[in-house]
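Student: I'd like a close look at a single part of this one: the main pocket. Please start there and then work outwards.

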Amino acid sequence: DRSLPISFMCDRAALAAKTVKGHYMKSYAFYDDKMRLSIENEQNIINEMSDALENNEFVPYYQPKYDVKTNKPVGAEALARWIHPTKGFISPGVFIPIFEKNGFILKLDEYMWEEACKNIRRWLDQGRSVVPISVNISRYHIQHNDLEKALMELIHKYDLTPDMLNLEITESLFLDKPEELNRVLDRLQKLGFKLEVDDFGSGFSSLNLIRNISVDTIKIDKEFLDSEIASEKGKIVVNHTIGMAKDLHLQVIAEGVETKAHVDFLKNSNCDIAQGFYFAKPMPVPEFERIAF
């Protein structure tokens, strides 16, 4: 389009180039309106994110974790959901990657931690038998924040004990500066927090990881579970992974459990806890309370 200003052409060419950066089998790309819409949608989310946090549009949903042997809920994972006043439900798959890229994930995570602490305090005040809530720790908190101070301030503010708030760290975090991360995790463990490695089995570092890090629980990744138990060799791999973790005195959680076949396999493999749609989807807090108490 020769009527387009050259500065626009350059901007659009740069957008197209980004789509093939790092792809060695692709050496060119064409700009199209999908790219423009993607950039506009991202910018809209960035423009609205601070107000959304201020207006409590981010809502904690809890996905229960079940004891494989008793089928009773023994914990839950806190997941952020964005309920926009005009757009309705915005998928985490849309906003979480943007927040991880621009650093806003720091504020969202801390908001979710505090919401979890508020709920735990309320349950304790009601005399309920509280199950621990797992919250996510992002790369930004390891690299850019005083993680221990932020967490302990919340624990003291709501008069809780650290073991009521479990901390989930994704396996991919261990690929970048593992020694520094391990020092942070070791200090958190000494404070009394329980640590979980999320997405275990999704990367290639799993065996080194399970040997070297200071954690209490591994969460077997859904993709690992699905692909491996589809064959006899795969079942042996998962069985031995669970057995090895138990020998190292680690608790094992399987996530993405969706079928009775998954459940039966996990029972036979001596897995501790299961989480997934077979048992329950992520749900608002009042619905979780009906299940848990």
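Tutor: First, a bit of vocabulary: helices (H or I, at least four residues) and strands (E, at least two) are DSSP runs, numbered from the N terminus. By that count the protein chain has twelve helices and ten strands. Bear in mind that this is a predicted model, where local features need pLDDT of at least 70 and side-chain atom pairs count only at pLDDT 80 or more, while totals for chains, interfaces and linings use all residues. Residues are numbered from 1 along each chain as its sequence is written, and side-chain values use heavy atoms, with hydrogens and water left out.

Now the pocket. On a 1 Å grid over the protein atoms alone, a pocket is an open set of points where a 1.4 Å probe fits, with protein on both sides within 12 Å along at least five of seven lines; lining residues have an atom within 4 Å of a point. The largest pocket holds about 1000 Å³ of space (the volume filled by probe spheres set on the points, which are joined across faces, edges and corners). Its lining runs to 38 residues, and E77, L79, I96, N136 and D198 are the ones nearest the centre. Several elements give two or more residues to that lining, among them strand 2 (73–84), helix 3 (92–102), helix 4 (105–125), strand 4 (133–137) and strand 6 (195–200). By class, the lining of the largest pocket has 16 nonpolar, nine polar and 13 charged residues (Ala, Val, Leu, Ile, Met, Phe, Trp, Tyr, Cys and Pro are nonpolar, Asp, Glu, Lys and Arg charged, and the others, Gly among them, polar).

Next, the second largest pocket, with about 180 Å³. L15, K18, T19, M35, S38, I39, E42 and K101 line it. Helix 1 (6–18) and helix 2 (33–54) are the elements giving two or more residues to this lining, and helix 2 gives the most, with four. The split here is three nonpolar, two polar and three charged.

Back to the strands. Strand 6, one of the contributors to the largest pocket's lining, runs parallel to strand 7, joined by three bridges (two strands pair if DSSP finds at least two bridges between them). V197 sits opposite I218 in that pairing. In a regular strand the side chains alternate between the two faces of the sheet. Strand 7 (residues 217–220) shows this: T217 and K219 point one way, I218 and I220 the other, and all four are buried (under 20% relative accessible area; exposed is over 50%, partly exposed in between, with a 1.4 Å probe and protein chains only). On to strand 8 (residues 251–255), which is parallel to strand 7 through four bridges; there, A254 is the bridge partner of I220.

Q275, in strand 9 (residues 273–275), links up with several of these parts. At 2% relative accessible area, Q275 is buried. Leaving out residues up to four places away in sequence, Q275 touches ten residues, including E77, K219, I253 and A254 (contact means heavy atoms within 4.5 Å). E77, you'll recall, is one of those nearest the centre of the largest pocket.

Aromatics next. The whole structure has 15 aromatic pairs (rings of Phe, Tyr and Trp, its six-membered ring, with centres within 6.5 Å; planes under 30 degrees apart count as stacked, over 60 as edge-to-face, the rest as tilted). One of them is Y28 with F30, with centres 5.8 Å apart and planes at 75°, so the pair is edge-to-face. Both Y28 and F30 are exposed. F58 and W82 make a tilted pair, 4.9 Å centre to centre and 45° between the planes. F58 belongs to strand 1 (residues 58–67) and W82 to strand 2, so this pair ties together parts 24 residues apart in sequence. F58 is buried at 1% relative accessibility, and W82 is buried at 0%. Both belong to one aromatic cluster with F95, F99 and F104.

Finally, two backbone oddities. Most residues other than glycine have a negative phi. H249, not a glycine, has a positive phi of about 65°; it lies in the loop between helix 10 (232–247) and strand 8 and is exposed at 73% relative accessibility. N270 also has a positive phi, near 70°. Its place is the loop between helix 11 (260–268) and strand 9, and it counts as partly exposed at 39%.
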